[in-house]
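This report describes how the parts of one protein chain meet and how a ligand is held by the chain. The sequence and structure are shown first.

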Amino acid sequence: MNIAFLASHGGSNMQAVIDACKAGRLDARPVVVICNNAGAPALDRAARAGIPGYHLCVGRRCPDEAALDREILATLRRHAADLIVLAGYMKKIGPTVLAAYRGRIVNIHPALLPRFGGRGMYGRHVHAAVLAAGERETGVTVHLIDENYDTGPILAQVTVPVRPDDTVDSLAARVLEREHVILSETLQRIVQGDIKLPAASGPAP
Ligand code: GRF
């Protein structure tokens with residue numbers, strides 16, 4: 001399975017997957033990293049791992065979102081990506097990429113969906129909302145994406161305790177630690193066929 005990553009910032013989940021591939025815990029090959037921020041550490045991580053990295057955003061080369069969508073798809077195809085992992089990708093996937101890779105785009109969300117998901121629920125906002133709601137438990141969700149925010153089929157979830165003295169930072173750190181494990185594990189379950197992805201409806205990627 002050839003994995004493509006779309007990332008916006010740190011890429012620590014991406015790194016965990018790359019490391020799992022290297023260590024033989026995940027039978028997959030990271031083939032390309034696409035990032036919408038030029039200075040994102042995710043691109044440095046790609047370079048260090050010897051994975052081709054691309055900074056793609058709306059600009060001179062891609063004048064609008066539709067052109068960017070097409071360029072992302074062309075890049076994915078050029079690198080023969082079978083599956084896309086959204087590793088902290090802060091932008092919505094365009095309709096062209098979604099149509100070509102429907103059922104093959106995996107996202108990781110730092111809470112137990114369907115709760116604490118949706119537009120605006122990302123990063124620190126998620127953990128702040130969990131704390132404000134007085135939850136005693138939060139978690140991680142790995143899911144397929146569709147055209148809405150955080151609503152696609154859930155592939156795996158793991159719970160993480162919320163401690164009475166938690167801050168957004170302490171909770172985010174505890175959740176992130178679990179993210180790094182469950183993402184690679186879930187991808188390996190896909191590789192092994194324990195998790196069956198929906199049959200592709202459109203043309204092959
Ligand atoms: C993670 O918390 C993930 O759940 C969310 O974005 C964050 C990305 O972190 N989708 P990193 O870039 O992988 O370090």
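Contact here means heavy atoms within 4.5 Å. The model is predicted. By that criterion, eight residues of domain 1 are in contact with nine residues of domain 2.

**Domains and their interface**

The domain assignment divides the protein chain into domain 1, residues 1-102, and domain 2, residues 108-179. Taken over C-alpha atoms, the centres of domain 1 and domain 2 are 22 Å apart. An interface is often described in size by the accessible area that is lost when its parts come together. Between domain 1 and domain 2, about 790 Å² is buried, and carbon and sulfur atoms give 58% of this area. On the side of domain 1, Asn-13, Lys-92 and Leu-98 lose the most area to domain 2, and together they account for 53% of what that side buries.

The polar part of the interface includes one salt bridge between domain 1 and domain 2. Arg-102 forms a salt bridge with Glu-147, with 2.6 Å between the closest N and O atoms. Three residue pairs are in polar contact between the two domains, both residues of each pair being at pLDDT 80 or more. The residues on the side of domain 1 that touches domain 2 comprise four nonpolar, two polar and two charged.

**Ligand surroundings**

The residues around the ligand are Gly-10, Gly-11, Ser-12, Asn-13, Gly-88, Ile-108, His-109, Pro-110 and Glu-179. Asn-13 therefore appears in two settings, being listed around the ligand and among the residues of domain 1 that lose the most area to domain 2.

Polar distances to the ligand are given below.

| Residue and its atom | Ligand atom | Distance |
|---|---|---|
| Ser-12, side-chain N or O atom | oxygen | 2.5 Å |
| Ile-108, polar backbone atom | nitrogen | 2.8 Å |
| Glu-179, side-chain N or O atom | oxygen | 2.6 Å |

On its own, the ligand has 370 Å² of accessible area, of which the protein covers 79%.

How values were computed:
Residues are numbered from 1 along each chain as its sequence is written. This is a predicted model: local features need pLDDT of at least 70, side-chain atom pairs count only at pLDDT 80 or more; totals for chains, interfaces and linings use all residues. Side-chain values use heavy atoms; hydrogens and water are left out. Domain bounds come from an automatic or database domain assignment. Buried area is the accessible area (1.4 Å probe) that two parts lose on being put together, summed over both. A salt bridge is a side-chain nitrogen of Lys or Arg within 4 Å of a carboxyl oxygen of Asp or Glu. A polar contact is a pair of N or O atoms within 3.5 Å; within protein, one must be able to donate a hydrogen and the other to accept it, and residues adjacent in sequence count only if both atoms are side-chain atoms. Ala, Val, Leu, Ile, Met, Phe, Trp, Tyr, Cys and Pro count as nonpolar, Asp, Glu, Lys and Arg as charged, and the others, Gly among them, as polar. A residue is near a molecule or strand if one of its heavy atoms lies within 4 Å of it. Accessible areas come from the Shrake-Rupley method with a 1.4 Å probe; for residues, only the protein chains shown count as cover.
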